[in-house]
Protein chains: 2
Amino acid sequence: MKRRDIYLDNLPVDEAKRRFMERLEELGALRPLNGEKIPVSSSLGRVTAGAVYAKISSPHYNSAAVDGIAVRARDTFGASETNPVRLTKEQCRYVDTGDPLPDGFDAVVMVEDIQPLENGEVELISAVYPWQHVRPIGEDIVAAEMILPENHRIRPQDIGAMLAGGVLEVEVRRRPVVSIIPTGTELVKPGSPLNPGDITEYNSEVLKGFVLEWGGTANISDIKADDYSLIRDEILKALSTSDIVIVNAGSSAGSEDYTSSIVEEIGELLVHGIASKPGKPVILGIAGGKPVIGIPGYPVSAVLAFDLFVKPLVFRLQGTLPPERTRIKATAARKIPSKIGVEEYLRVKLGDVGGRMIATPLARGAGVITSLVRADGILKIPAPLEGFHAGEEIEVELLREKRDIENTVVVIGSHDLALDILGDHIRRRYPHISLSSAHVGSMGGIMALKKGETHGAGIHLLDPETGEYNIPYLEKYLPGKEIVLVNLAYRDQGIMVKKGNPKNIKNVGDLAREGITFVNRQKGAGTRLLLDYELKKLGISPERIMGYEREEYTHMAVAAAVAGGSADAGLGILAAANSLGLDFIPVARERYDLAIPAEFMGLERVKAMLETINTPQFKKALEALGGYHTEKTGEVLKEGRV
Amino acid sequence: MKRRDIYLDNLPVDEAKRRFMERLEELGALRPLNGEKIPVSSSLGRVTAGAVYAKISSPHYNSAAVDGIAVRARDTFGASETNPVRLTKEQCRYVDTGDPLPDGFDAVVMVEDIQPLENGEVELISAVYPWQHVRPIGEDIVAAEMILPENHRIRPQDIGAMLAGGVLEVEVRRRPVVSIIPTGTELVKPGSPLNPGDITEYNSEVLKGFVLEWGGTANISDIKADDYSLIRDEILKALSTSDIVIVNAGSSAGSEDYTSSIVEEIGELLVHGIASKPGKPVILGIAGGKPVIGIPGYPVSAVLAFDLFVKPLVFRLQGTLPPERTRIKATAARKIPSKIGVEEYLRVKLGDVGGRMIATPLARGAGVITSLVRADGILKIPAPLEGFHAGEEIEVELLREKRDIENTVVVIGSHDLALDILGDHIRRRYPHISLSSAHVGSMGGIMALKKGETHGAGIHLLDPETGEYNIPYLEKYLPGKEIVLVNLAYRDQGIMVKKGNPKNIKNVGDLAREGITFVNRQKGAGTRLLLDYELKKLGISPERIMGYEREEYTHMAVAAAVAGGSADAGLGILAAANSLGLDFIPVARERYDLAIPAEFMGLERVKAMLETINTPQFKKALEALGGYHTEKTGEVLKEGRV
C-alpha cells in the first residue's frame, strides 16, 4: 500500500494526464483487452483483436463478368470486320454474369458483340484476348490474404469482405467495462419525490451514454451515501468486475469527500486536483492494476473530467484512439476573460452570420448541464492566457456538425417563449434548419445587429417620448441600415406574484411598498424599460424598489425567483407566470418584433423562419401559451432604410 | 396500377434522386415516423418526435453553491477590514455545497472568508450582496422550459438535461425498418460449401450494417430464387412490415431480372438505370406508398446505390439529415480517365507525403468489396468531366479520419506479404499508426519516390550486369537523392505449380515447353525482371512462353491463377504458394529492401515502422511464413546521396 501526501492541488491538465498514463503504462494497464469470438454478422463497430485472414478466395472460381458467350481466345484470333470468325456450337457456350467459365474456355464475349447465326453458330468480328471479361479466382480476395489489420473498427464493408473471404467469426476486443459509482447522501434517483436538499442523480446516465458512444459498457451502482467503508467496499467490488472504476462525486477535499483517502488505502493516489475550470476536483488513482477515477459532482465538471481522463482509457483498452473533434476558426463576439494559470473549457454558441463564424460564450456555471445541451462548441482557453478580446480569432472544437451551424438562423435579443416555439416549428417543417436564440435583452439585440453578429434581433423597446415600439430605437442606433421589421406577436406583460397573491400586490405602485422584494431584469431588457417607464409615470424612484438591482436574464428566471420565494414580485409575460403556476397582474400589452437586416432576407434559413411565422400552426401554438396575440404576427411593419 | 414504358436508361444521378424524392414527397412518404415513448435512460442516439419540456426546475430549491455560512445580506452591510461585522449564532448557519438555503437567509459566505470566534459567532470583513453564492431555483432549467426541440438526436448531455428537468420518458421516432430481400438462384449463405457458380450472399449484411449506423433496423429475408411470383410475394410481405423495401439484385434488364416488372405491377416504377459507375442498374419505385428500391448485385455498386438513394430516406424518416462526410483537397497521383456522361465514384487511397495529400485510385471493379475496405476516400467524377490529369487538385470525401491518414506511412512498390505482416505489427505497437502499401511493382515504387508520393518504396530489382540488388537502380533513377536503404528480408522466389506438380515442371526452362500455360507479373515488377534474367541466361525468348503477356499485380494473384487452373505455373514467393497449397520450385533467393528518402526519417510514423522491423516479434512472424530469411532484416544497407 503506497501512501503519498497529496492534497487538492493545481496540477496542469497535461501534467496530470501524463503522470496518470505513464503509471498505467508501467503497470501494463493500458494494454488492449483480450479478444472474444463473435459472429461477423454482429461485429459492426467492434474492434479486431488480431489481423483477419481470408479462408477462401472470392470469387472462388473463374466466372463470367458479363452476359455473353464463353470462348477460347485462340479460336478468335484474326477476326475482323472484313474477315469474321465463325465459331461452331462446340466452340462457344452461352453464360450469364457470375456463371463459371466452362472447362477449357478462357474468355467471354459480351452478348452485344455476337452475331448469332441460324444453325447455333456465332460470328465474331474482332478477336478477344485470354481472360477478357472473366473475373478470375481471387480477383477480390485471395485465400490467406490479410483482410483487416488488428485494432481496426469494423465497418459494414469490412463485414462484407470478411464474409466474402469465408470468415464467419471474428475475434474482437472485449468491450471495456466501466463501473460508475454515484456517491452522496443528498442524491436521489430521477423521478423520486424531491425535498429541499435532495439532488437528482443523473450524472451516471450521462457518463454511461458517453461510455456507450465510445464502444464500452457501463455498470451503474446504486447510490452510495457518504460513508467511507460503504464506498470503499463498492470500489473493491467494482474493481473485480470492471476495467475502469468511476466514483462520482466526493472527489474534492471536504469533510465528506472520502474517495482520495480510499484510493490511498487500497491503491495509489496519483493526482488530486487539476488546474482546470470546470473540473478542478479530479482524483486519478490506480488500485488492483486498474484506473480508479474520482469525478466531480457538478455535471459540467463531470463531463469535462470524464472526457479528459476516461475517454482515452476506453479507447486505448480497445486498441484505438478517440476520434478527433473538428476544429474551426471563429470570432469572439465579446471579451472572454479567463484566469491565468487555469485551463478553462468554455461552452460557446456559434452563429454563421454574414460570412463570419461568431462565437458567444454560454453560462459558465459548472452546474448548468443545459450549457452542454445548447453548446455548439468548446473553447479551450490555455492556462497561460488571460482570455480573448472581442473580435479576436479563436479556435473552437465543434460539438455539432458545421453544416448544422451553417443552417442555423441566429436571433439575439430579448427572451421570449415564442422563439422556442418558433424554433420547434421551423425544425418540424425544415428538419435541416435550426433557430438559435441568445438572450441578452432587446438592446443587446440591437447591438448585435450593429456588430453584424445576428440574422435578427428580438426586440420590444418602448419609446417613452412617442409611445411607439422599436422603430425609434432602430433609427437611433442603426441609422441608414436596411432593416425589415416583422411582428412576432403582441404579448401581455404584468407583475408575477405567488399563487393567491399573498402580499396583495395590485399594481406597479405596490412594488415600492415596505416588505415587498422585487426581482428585476438586466439593463437593456425591454421589460426593464417598461418598468422604468411605468415607475416614471407614477413618480416612483427606482431606489424605493427593494431588489431593483437583482438582475435575471429571462422571464423564466424571474418567474422561478418568484416561485422559489426569493422575490415577491417580478415583471414578465403571462406564459412564464402560467408555466410556474404564478398569479399575474397585467400591466401592458407590448409589441415584440424581429428586426432583420435586408441583406439576410435571401438566406434559405431566414426565409424558412419567416414562412414558419406565417403558418396557422405556429400562431395557434402561440395563442395556446396564453397572453399572446397574433393579429399582426408575420406582418412586415417596416421595410427599407431606417 | 400505373404502367410506364421504362427500360434500363441513363438518368443523371441528381435527376433520378429528384424524381424519386419529389414523388415520395407528393405521397407523404417522407414524413418523419411517429413517436414511441421510451425511458430517457435508454434514449441515446434516438431522435425526438416532439419538443421536450421540463417538468420541474433544476435546482428545485435555492441552494448553497459553496461550503460556508448562510447569512442575510443586510446583516453584513458596512463590513470592512477596519470595521468588521460580527454575526450572532442566530444570524448565520453553516451550509455545505448543495444544502438548501435556510428560510430567511439570502446569501452564502465562503468558508475561507469567515473568521470564526470562540462563542460560535463569526466575523466578516466584507459585505455580501443578496443571492451571492446561491444557486437559485431554476438556474439550470426552469419548469415548462423547452429542453430539446423536435427532430433532435439525443446525446449523453441531453439525457442529463431531461432527467434534471424531471423527464423520465421521451417520445422518440420509431426506428425506420428496412427490409432487405436477397434474390438470385446462384446465391448461397455465407459458410455454405461452395460449388462453381455459387455466390456467397453477403451484401445483405453490409446493407444492414449501414442501416444500423443510420439509426434504422433491418430485416433480412431468406434468399429468394429468381422467380417472379416468389419475389413479388416477398416484396408484398415486406411492404406490410417495413418502411423501405430493398431488392438485391435482379435490378438490371436481363432475362432473370424481375424487380422492375414487379414494381410496375404492384406500384409505380420511377427510375430504372442511372448514369453512374458503379451502380448503373438501380430501380427506384413506390408501392403501397412506400419506397421499393432495386439495388445492383455487385457489392460496390450495391453500397454506392444504397448510399445515394436509401441513406437519405432512412434519415428523413427520422426527421433528420445524413451527416456530411469531410471533404479534403488532394493531388491526383496519376491520370484518372473517366467516361463523359457518367458520374463515377472512384475509391482512392490517400497518402500524406511531404506536405501533400496524394490520392491514388484503387481497383475500379464493381465486384471488389476490398476496394471499399482499403479506400481512404471517394472521388466523385462529375458526369461532364473526362477525368483528371496527374497532379491535378481533386476533392475527396473521406471514409477515414484525416488524422488517421496523417498517421499512415505510405509504402509503394513491389507486393510482399511481409508488408501486411509489418502493417499489422506496427498497429499492435502503435495503435494510432498505420501502414498503407500500394502494389505497383518495384519500378513503380522507384517512380513514386521520384515523384515524392511515398515515404518508402519496396523493391527487389536485380541488376543483370552486376548481380547487385536495388542500389544500381536507385543510382540510375534517383541520382543525387538522399536515400536510406533498409533491408526488409531475403526471400525465396520460385515457380509455383499445382499440388503434385502434374505438368512435371522442374526449372525455368520447362516454362517454354509445349502445353504449359504461364501467368506473368506486370512490367516493372522485380519478379518479372528475375524471370527475364533467368530466361536470358538460358537463351529462351519470351515469345516461347505461353501466357507471358498475361499480367497479374501481386504474388497472391499469380498463385490464385495457378490454384484456379487458369495457368500451370507462375513465378512468386514461397509464402504465396504455401498459403494456397501450391508446390514450389525454388529459382533464386533475392533481397527485398525499403528505400526511404532521408527527409522522411524524422517522421514519427517512419520511425515507428523502422523500430517495428527490428523487433524479434516481426522477424519471427516473417520466418514463420516460410521462405523468408531475416539475418539482415532492419539493417541499413546504404545511407546518403545515391
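**Exercise 1.** Determine which residues of H15(A) are buried, and what covers them.

*Solution.* In H15(A), the buried residues are A:His555, A:Met556, A:Ala557, A:Val558, A:Ala559, A:Ala560, A:Ala561, A:Val562, A:Ala563 and A:Gly564, a residue counting as buried if 20 or more other C-beta atoms lie within 10 Å of its own. The model is a predicted one. Set against the extent of the helix, residues 555–564 of chain A, this gives 10 of 10 residues buried, and H15 is accordingly described as mostly covered. The cover over these buried residues includes, from chain A, the strands S32 (482–497), S33 (518–521), S34 (551–552) and S35 (569–573), together with helix H16 (574–579). Just after H15(A) comes A:Gly565, which has a positive phi, near 90 degrees.

**Exercise 2.** Find the operation that lays chain B on chain A, and state how the two copies are related.

*Solution.* A turn of 180 degrees, with a shift of 0.0 Å along the axis, lays chain B on chain A with an RMSD of 0.1 Å. The two copies are therefore related as by a two-fold rotation axis. In chain B, the C-alpha nearest that axis belongs to B:Thr326, 4.8 Å from it.

**Exercise 3.** Describe the side of chain B that touches chain A, beginning with the number of residues in contact.

*Solution.* Contact joins 90 residues of chain B to 90 residues of chain A. Among the elements that each supply at least two residues of this side of chain B are helices H3 (156–164), H7 (299–316) and H14 (555–564), and H3(B) gives the most, with eight residues. By class, the residues of this side divide into 45 nonpolar, 25 polar and 20 charged. Finally, 100% of the interface residues of chain B are also interface residues in chain A, so the copies meet through the same surface.

Definitions and conventions: Residues numbered from 1 in each chain as written. Chains lettered and ligands numbered in written order. Predicted model: local features only at pLDDT ≥ 70, side-chain atom pairs only at ≥ 80, totals over all residues. Least-squares fit on C-alpha atoms with pLDDT ≥ 70 in both. Contact = placed C-beta atoms within 7 Å. Buried ≥ 20, exposed ≤ 12 C-beta atoms within 10 Å, placed from the backbone. Helix = DSSP H or I, 4+ residues; strand = E, 2+ residues; numbered from the N terminus. Nonpolar A, V, L, I, M, F, W, Y, C, P; charged D, E, K, R; others polar.
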